[in-house]
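Please look over the sequence and the structure shown here before reading the report.

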Amino acid sequence: MVNATINGIAISVEDGTTILEAARKVGVEIPTLCYLKEVNEIGACRVCVVEVEGQDRCVTACNNVVQEGMVIRTNTRKVRTTRKTNVKFILSQHDYECASCVRSGNCTLQSLANELNISEMPYDSILEKNKWDKTFPLIRENNKCIKCMRCVQICDNVQGMHVWDVVNTGSRTTVNVAKNRLIQETNCTLCGQCVVNCPVGALRERDDVGRVLDAVEDENIITVVQIAPAVRTAWGEGFGLSKDFATAKRLVAGLRRIGFDYIFDTTFSADLTIMEEGSELLERLPEIKESGLPMFTSCCPGWVNFIKKEYPQYVDRLSTAKSPQQMFGAVTKSYYAEKLGVEPERIFCVSLMPCLAKKDECTWDNGKDVDAVLTTREVERMLKSFFIKVQELEEEEFDDPLGVGSGAGVIFGATGGVMEAALRSAYYLVNKTNPEPDAFQCVRGLDGWKEAKFTINGNILKVAVASSLSNARKLMEAIATGKAHYDFVEVMACPGGCINGGGQPIKDDDNKVANRSKVLYGLDKVNNLRFSHENPSVMQCYKDYFGEPLSHKAHELLHISH
Ligand code: HC1
Ligand code: SF4
């Protein structure tokens, strides 16, 4: 242990504790901008400077450790002036057009400038025009980049993709696509982890709200909207609503105020996916056992992009079942259009997703299933632009019949959820009796790579669950070198799954992801329906339209060749 003082408070901390961590332990706030615990602790922005007695220059708190006898001060005149100067330097290379920035009100740089009382800018900005293809789902506004390196570190160390890097030299040094390429020339999977970890508005999604509202206003168009499992865990965060209040049913009420015609739930089509994917697994199992190669889930487009670009030799191991988002669109424009008695062309299908890659996925099948994807952040902005008082909304029901989903469909949004849902139904399909709903809960948890073995009707099923792309790569290497053998593998590109998706509210608190996961498992626990194969709307859909899982019609509409 080492002993020191911070602002006169005596502290005793473990060897190697940074000044920042030590200060937080005793409730002393030191502002940060580039700091990201265990990912980016490099003192790049120099906002966390503090004074240490006996040292001429201020030191950065995030990457300097407490030493025996240190006398640390976090709020001296020198500290405040240095911080202010450092933030002004950052602002001199930033366009600070806050009024038109998607991150206004939720931007660390903006709040720091306010907190440090910066009201005048002494430096002229010399920014070059931003060149970026704004039709791409991920947008970089380099005039807002503060070179904090968070995107570089997240992409390198958490996702292992190396899309971003420091480029150019001298005063033109900046962060951009590595090797001065176009983003389209990289293997970017559109996981969006750089976006949720960007402290300012340098990274964002393409905004599709305008296109969606055009459809809402067009009287000839029927707008059908689906709400993804993970959106219900997070849509209220930007409004400061509690998790208990910001339910999916209150979001339904908000969307009705905007004018959407039908509001449904992606958990319906998550159940449908389980029926198709579970049946596919059982059909492919003899071949899986023989080849020693697993079937992979295919509902995460970030993961599908990854395998297509990095391990193309294994693309045929992906399940051919479309993702719940895409199945929802396909069912809406066939079965449901028929039910409504309208031409499918009149339906505009919108998905509310925690994900950036879903904006890409909806174009894969020539864009015929889903017309537009909005991230959770776009949903928040859309509600705000209608001045809807979300705090006053009463819960409203989803529309019928595509608004009915099971708890198994809900947990899709957390890593391991797809696997658990599939195992619940695979068990039933094999044994014709239900397992305990929580029998497969050992695949839960935010660990990056989990494995389990189950015996279903005498057959051993070896499964693995991975989240984050660096874990996906480790797993693929283990499979490729024969060090690991599984029958069925779930991979989600984002660490923790969709609850931590690239389209979710900005990640400004480490506990957010764990809390979102609790919400989903809590919703599953209290759902009357815990099994996808018991979803009455799914059963009706098979009865009226598809016949049975893997039928000719199901193959035609609910499956895709990758
Ligand atoms: Fe997901 Fe999925 S769980 S991929 O994370 O399979 O985006 O929430 O909607 O499609 O259901 C995302 C979430 C989502 C699909 C489902
Ligand atoms: Fe999108 Fe979810 Fe995959 Fe992340 S884990 S890329 S949010 S589908």
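The report that follows describes a predicted model, taking a sheet, its hairpin, some cysteines and one alanine in turn.

## The five-stranded sheet

Five strands make up an open sheet with mixed pairing, and their order across the sheet is S2-S1-S5-S3-S4. The edges are held by strand S2 (9-13) and strand S4 (59-60), and because each has a single partner strand, one side of each is left without a neighbour in the sheet.

At the S4 edge, strand S3, which covers residues 49-52, pairs with S4 in the antiparallel sense over two bridges, and Val50 has Val59 in S4 as its bridge partner. Helix H2, spanning residues 77-92, packs on the sheet, where it touches both S3 and strand S5 (71-73), and the direction of H2 makes about 150° with that of S3.

## The hairpin at the other edge

Strand S1, residues 2-6, is joined to S2 by five bridges, and the two strands run antiparallel. Within this pairing, Thr5 has Ala10 in S2 as its bridge partner. S1 and S2 form a hairpin in which two residues lie between the strands, and Asn7, in the turn, has a positive phi of about 50°.

## Cysteines without disulfides

How many disulfides does the model contain? The count comes to zero, where a disulfide would need a pair of cysteine sulfur atoms within 2.5 Å. For Cys145, the nearest cysteine sulfur is that of Cys151, at 6.2 Å, and Cys145 is in no disulfide. Cys145 counts as buried, with a relative accessibility of 5%.

Cys194 is likewise in no disulfide, the nearest cysteine sulfur being that of Cys191, 6.3 Å away. The relative accessibility of Cys194 is 7%, and because buried means under 20%, Cys194 counts as buried.

## The surroundings of Ala202

Where along the chain does Ala202 have its place? Ala202 is in the loop between helix H5 (193-196) and strand S9 (203-205). Is this residue, Ala202, buried or exposed? With 3% relative accessibility, Ala202 counts as buried.

Leaving aside residues up to four places away in sequence, Ala202 touches Ile139, Arg140, Glu141, Lys144 and Cys145, and one of these, Cys145, is the buried cysteine described above. Ala202 and Asn143 are separated by 59 residues in sequence, while their C-alpha atoms are 7.3 Å apart in space.

Definitions and conventions: Residues are numbered from 1 along each chain as its sequence is written. Chains are lettered from A and ligands numbered from 1 in the order in which they are written. This is a predicted model: local features need pLDDT of at least 70, side-chain atom pairs count only at pLDDT 80 or more; totals for chains, interfaces and linings use all residues. Side-chain values use heavy atoms; hydrogens and water are left out. Helices (H or I, at least four residues) and strands (E, at least two) are DSSP runs, numbered from the N terminus. Buried means under 20% relative accessible area, exposed over 50%, partly exposed in between (1.4 Å probe, protein chains only). Contact means heavy atoms within 4.5 Å. Two strands pair if DSSP finds at least two bridges between them. Axes are lines fitted to C-alpha atoms, for helices over the stretch in contact, and angles run from 0 to 180 degrees between N-to-C directions.
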